[in-house]
Amino acid sequence: MTAPGEAARRKPARRPTIKDIARRAGVSESAVSFALNDRPGVSADTRARIRRVADELGWQANSAARALSGEHSGCLGLVLARPARTLGVESFFLQLVSGIQEVLSARRTALLFQVVEDLDTECALYRRWWAERRVDGVLVVDPRTDDPRPALLAALGLPAVAIGGPAAPEPPAPPPLPTAPLLSTVWADDAKAMARVLDHLHGLGHRRIVHVAGLPGLAHTARRIHSLHTEAARRGLDARQVRSVTTDYSDAEGAEATRRLLDAAEPPTAIIYDNDVMAVAGASVAAGRGIPVPGRLSVVAWDDSPLCRVAHPPLTALVRDTAGFGRLAAAELLALLDGGPPRTVEGELPYLEPRESTGPPPGDI
């Protein structure tokens, strides 16, 4: 049985109010409101005293009330329209969000994150957030080849940063500036990154190369497929033996794609996987069939991670600062909210880290 005194101790503390601050500081409630909202009407000394008392009491502005009054909510939104089952095994978004959060924490800005099933639901959520003034701006991930979101956000007047570029930019030109007045873009050159991977494999002697890609319809999937075909043609490789297949990024579909490829009459001698999880799953399928990596099959992962480094053998992978990419996106959105112009900003180019999973193709090929 809980004693009355213990129950009282467990009762949540009451949040301090403007009235509490006024009483402690010996001023009127209107003076507190002027001081905490940076409005004229109080002296500099009184403003400083009021803010000191507010800090001592642990006072924080009510974000809902601020939004209703037309002020900033102090919150940014991030929506992910992907199958929820694919998120727990992929490290990319965890690293991206960690970078975003690092920047937002320094500005005492919250991140409202939600996973939805499809793009229509994502667009509906933006409309609701805008109507409720829940967020000051949004970070938009996974740009599509035919994407309705920029036009919607422009119509709403909701500031945004798109993380990623268009479907198939022709290098070396960057993506065009967005038409939306409050939309910036941060992007990485997937085309050049794919060229680096193909340089490595072609240099080792591989001519049968398959790219196990992610979700169809995503702009970066289209860029990587486009670049693979372009770079293969530039090297005179047979288009029938250098190709891409799409998946949902999961280990299950990565493994299944690998089985189909290895069952082909002329199986690939090298496979490029669009994430670390699929690459490890593919290498495991090969090992289960007695196909040595890299003796008969070379494996490359698009995104490096601890998973790639502890695999046996360690996987050759593209290395990039994903958390840094998140920091860049968050900083661009905060700059927009501070009145800066929309920009298109390129992140650093990933580099290839060769490890023990890639080598020359077998001599009988």
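Where is P313 found? Keep that in mind as you open the viewer; the tour comes back to it near the end.

**Before you click**

What you have on screen is a predicted model. Colour the chain by pLDDT to begin. The mean pLDDT of the chain is 85, and 85% of its residues reach 70 or more. Now select residues 4-12, where pLDDT stays under 50. The model gives this stretch two contacts beyond four places in sequence. Then select residues 66-70, where pLDDT is again under 50. Seven contacts beyond four places in sequence turn up for residues 66-70.

**Stop 1: a parallel sheet**

Show the strands as arrows and pick out β2, β1, β3, β4, β5 and β11, in that order. These six strands make an open sheet, and their pairing is parallel. Zoom in on β2 (110-116) and β11 (344-346), which stand at the edges. Each has a single partner strand, so one side of each is left without a neighbour in the sheet. Step from strand to strand and you'll go through a twist that averages 20 degrees each time.

Next, select β4 (residues 160-163) together with β5 (residues 183-187). The two run parallel and are joined by four bridges. For one spot to look at, click A160 and find L183 standing opposite in β5.

Now add helix α6, residues 92-106, which packs on this sheet. The strands α6 touches are β1 (75-81), β2, β3 (137-141) and β4. Look along β2 and compare directions: α6 makes about 155 degrees with that strand.

**Stop 2: what else α6 meets**

Keep α6 on and add helix α14, residues 322-337. Their axes come within 7 Å and cross at roughly 45 degrees, which makes α6 oblique to α14. The crossing is right-handed. Show side chains and look at the contact: on the α6 side you'll find, among others, F92, L96, I100 and V103. Residues of α14 in the contact include F325, A330, A331 and L334. Sort the contact by class and you get 10 nonpolar, five polar and two charged residues.

**Stop 3: a mixed sheet**

Hide all that and select β7, β6, β8, β9, β10 and β12. That's the order of another open sheet of six strands, and here the pairing is mixed. At the edges stand β7 (242-246) and β12 (351-353). One side of each is left without a neighbour in the sheet, because each has a single partner strand. The twist averages 20 degrees from one strand to the next.

Which strand holds the bridge partner of A213? First select β6, residues 209-213, which runs parallel to β7 and is joined to β7 by five bridges. Click A213, then look across to T246 in β7, its bridge partner.

Now bring in helix α11, residues 251-262. This helix packs on the sheet, touching β6, β7 and β8 (270-273). Its direction makes about 160 degrees with that of β8.

**Stop 4: two more helix pairs**

Select α9 (residues 190-204) and α10 (residues 219-234). The axes come within 8 Å and cross at roughly 45 degrees, so α9 is oblique to α10. Here too, the crossing is right-handed. The α9 residues to show are D190, A191, M194, A195 and L198. From α10, the residues they meet include H220, R223, L228 and E231. The contact divides into six nonpolar, two polar and four charged residues.

Then go to α2 (residues 18-25) and α4 (residues 44-57), packed at an angle of about 120 degrees with their axes 9 Å apart. That makes α2 oblique to α4. D20, I21, R24 and A25 of α2 make the contact with R49, I50, V53, A54, E56 and L57 of α4. By class there are six nonpolar, no polar and four charged residues.

**Stop 5: details in the loops**

Select R133, in the loop between α7 (119-132) and β3. Its phi is near 55 degrees, a positive value in a residue other than glycine.

Jump to V293 and P294: the peptide bond between them is cis, with omega near 10 degrees. P294 sits in the loop between α12 (276-288) and β9 (298-301).

Finally, back to the opening question. P313 is in the loop between α13 (306-310) and β10 (316-319). Click H312 as well, since the peptide bond from H312 to P313 is cis, with omega near 0 degrees.

Notes: Residues numbered from 1 in each chain as written. Predicted model: local features only at pLDDT ≥ 70, side-chain atom pairs only at ≥ 80, totals over all residues. Heavy atoms only, no water. Pairing = 2+ DSSP bridges. Axes fitted to C-alpha atoms, helices over the stretch in contact; angles between N-to-C directions. Contact = heavy atoms within 4.5 Å. pLDDT = per-residue confidence, 0-100. Parallel < 35°, antiparallel > 145°, perpendicular 65-115°, else oblique. Left-handed = near helix turned anticlockwise from the far one by under 90°. Nonpolar A, V, L, I, M, F, W, Y, C, P; charged D, E, K, R; others polar.
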